[in-house]
Amino acid sequence: MLGMEDTLWVKLLVKIGLAAVFFVLCFLWYWFKFVGGSRKIVRAIELGDVDALRALVEKHRALLVEDDYEVLTTYLTLAVTANQPECLKVLLELGEAAHLQQRTLEEDDDALLQLCIEHGSPDMLRIMLAAGMNPAAEPESPWMHCFVHGSVEHARVLREFNGDKLTPEQLEGLGGESPLHAVVYGWYYNPREFESALRYLLHEYGANPNSMTTAGNTPLDLACDETHVGYAGNDKLRSLLIEAGGKRGRSIRVPEPAYVGRVFVKGELPDVAVIAAALPENLTVSAHPEPWNPSILRDCLNDSPIKKDVVEHILSHTSYIQVAVRGKAGEDPISVAECVLTVLRMFETAPGVVGVQFQSFIGSFVHGESGDFIPFNLVGVELGRTEDGAYLLATNGMPDFGLPEVELEMPAPLYEGLKISPFVPLGDVLVQLMRGTTTIEPGHSMTLLGRFYTSIEWGNLLTTRAAGFRCVMTTEPTPADLLSPKM
């Protein structure tokens with residue numbers, strides 16, 4: 001016989017068994033009523049079997065609309081990615097299209113219009129927009145997405161429904177990039193499709209060929225880049241942009257470049273007419289028997305990394321020669337500036353010369369030999385350190401040439417251990433920017449000195465607080481996946 005305690009255990013086990021049976025039965029009920037039906041719905045959508053789908057939707061309507069269409073959102077996504085517009089119509093009959101669009105975004109994190117641009121036809125996009133789906137409701141702009149993928153026909157449909165506008169929220173994170181910038185980035189992957197997108201934007205839509213990013217880059221700037229993986233061979237792209245009036249960003253920011261340089265002399269002024277007998281066009285040289293403004297000069301020198309004895313040497317000048325140039329409208333600012341440097345080099349070896357000045361640069365002499373391009377002849381530099389000991393070197397004067405300021409951050413081990421001067425990698429970046437052979441944007445990366453991975457940020461420079469690029473070097477090599485184009 002079973003004791004009382006044993007009887008209690010038996011009753012408990014029976015209850016547990018009955019509960020288990022109940023849950024199994026519930027599961028089987030759910031499986032046969034819905035999971036099996038779900039598979040049929042998926043199959044109907046994938047095959048485009050509208051009649052079967054309509055029958056299944058009617059059968060499972062209660063579950064599809066339950067919890068504010070939670071289950072339905074998955075099928076909406078499937079219909080779009082499988083490019084089944086007629087099936088999508090059936091599903092949209094269950095609710096208001098704009099609300100279903102929002103619920104799909106909330107439940108599945110799927111932006112239906114964006115998915116349609118990637119996977120669906122223009123006709124499907126038209127169905128979605130006509131039903132009431134709103135391009136402004138998606139976190140990323142469907143209009144911009146068209147040109148990321150070179151989808152001209154989708155763009156035409158969006159424009160038809162006034163979907164070519166970007167909300168303030170959609171503009172965030174783009175850094176000022178326009179659809180034309182997106183086309184330039186995509187050109188490498190499919191030149192034929194992206195040429196159609198380029199022609200549409202320039203000649204049918206009327207896009208501004210000189211829209212600039214926050215960093216000041218036009219589409220032509222991006223097209224002239226010679227350093228980013230996969231962007232070589234853009235001759236036709238550049239030609240089409242130039243034909244449409246495309247310009248480099250720095251020529252827009254400095255439409256009529258004009259620059260001044262000075263040679264500081266202690267004692268008798270050299271004969272200007274003899275040394276600079278033949279001058280380039282629009283360039284003048286004038287001798288001044290008095291010192292250049294001493295307060296301005298001293299302020300400039302105090303902000304520079306020049307040694308004190310060199311500062312005093314320059315301040316000892318008694319006269320100066322001024323070299324001025326005015327470029328033509330649209331002329332490249334760097335090319336105009338180099339005219340001044342050419343003449344400064346003529347004077348710097350004359351007797352009594354104690355220093356030279358050009359824009360923000362002041363020094364004992366112009367760096368490099370004639371014909372060399374040294375960026376530190378064009379801009380001043382300021383030094384600093386971060387709280388964790390990294391070395392900082394920032395430019396002062398890049399906007400004079402229509403370019404953003406740049407700051408290099410170098411980890412202490414590279415400077416102290418490997419004895420690498422931050423002037424070397426910064427100079428490499430500046431040469432490419434000033435020559436226009438590279439175009440950097442926030443989020444880009446570079447490999448400096450041939451081996452060190454460097455990330456590009458945009459913000460206020462730590463050294464000067466001016467807005468510009470921060471090139472943050474690491475001691476690590478560039479990851480291999482960044483050295484080949486993403487296909």
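**Exercise 1. Overall build**

Work out how many helices and strands the protein has, and decide whether it is spread out or a compact globule.

*Solution.* Start with the secondary structure: in this predicted model, the protein comes to 22 helices and 11 strands. Next, take the radius of gyration, which is 33 Å. For 487 residues the globule rule gives 23 Å, and 33 Å is well over that, so the protein is more spread out than a compact globule. Then look at the box filled by the C-alpha atoms: along the principal axes it comes to roughly 125 × 70 × 35 Å. Finally, turn to the inside: 47% of the 487 residues are buried. Of the contacts between residues at least 6 apart in sequence, 68% join residues at least 24 apart.

**Exercise 2. A pair of helices**

Find how the axes of α18 and α19 cross, and say which residues of the two helices meet.

*Solution.* First locate the helices: α18 covers residues 294–302 and α19 covers residues 308–315. Their axes come within 11 Å and cross at roughly 165°. Angles over 145 degrees count as roughly antiparallel, so α18 is roughly antiparallel to α19. The crossing of α18 past α19 is right-handed.

Now list the residues in contact. From α18 come Leu 297, Arg 298 and Leu 301, and these meet Val 311, Glu 312, Ile 314 and Leu 315 of α19. Sorted by kind, the residues of this contact are five nonpolar, no polar and two charged.

**Exercise 3. Two loop residues with positive phi**

Decide for Asn 162 and for Gln 359 whether each is exposed or partly exposed.

*Solution.* Begin with Asn 162, which sits in the loop between α10 and α11 (168–171). Its phi is near 60°, a positive value in a residue other than glycine. Its relative accessible area is 58%, and exposed means over 50%, so Asn 162 is exposed.

Move on to Gln 359, in the loop between β4 (353–358) and β5 (361–363). Phi of Gln 359 is near 50°, again a positive value in a residue other than glycine. With a relative accessible area of 23%, Gln 359 is partly exposed.

**Exercise 4. Glu 160**

Place Glu 160 in its helix, then state how far its C-alpha atom is from that of Asp 481.

*Solution.* Glu 160 belongs to helix α10 (residues 152–160). Its relative accessible area is 49%, so Glu 160 is partly exposed. Along the chain, Glu 160 and Asp 481 are 321 residues apart, and their C-alpha atoms are separated by 40 Å.

Definitions and conventions:
Residues are numbered from 1 along each chain as its sequence is written. This is a predicted model: local features need pLDDT of at least 70, side-chain atom pairs count only at pLDDT 80 or more; totals for chains, interfaces and linings use all residues. Side-chain values use heavy atoms; hydrogens and water are left out. Axes are lines fitted to C-alpha atoms, for helices over the stretch in contact, and angles run from 0 to 180 degrees between N-to-C directions. Helices (H or I, at least four residues) and strands (E, at least two) are DSSP runs, numbered from the N terminus. Angles under 35 degrees count as roughly parallel, over 145 as roughly antiparallel, 65 to 115 as roughly perpendicular and the rest as oblique. A crossing is left-handed if the near helix is turned anticlockwise from the far one by less than a right angle, and right-handed if clockwise. Contact means heavy atoms within 4.5 Å. Ala, Val, Leu, Ile, Met, Phe, Trp, Tyr, Cys and Pro count as nonpolar, Asp, Glu, Lys and Arg as charged, and the others, Gly among them, as polar. The radius of gyration is taken over C-alpha atoms; the globule rule is 2.2 Å times the number of residues to the power 0.38. Buried means under 20% relative accessible area, exposed over 50%, partly exposed in between (1.4 Å probe, protein chains only).
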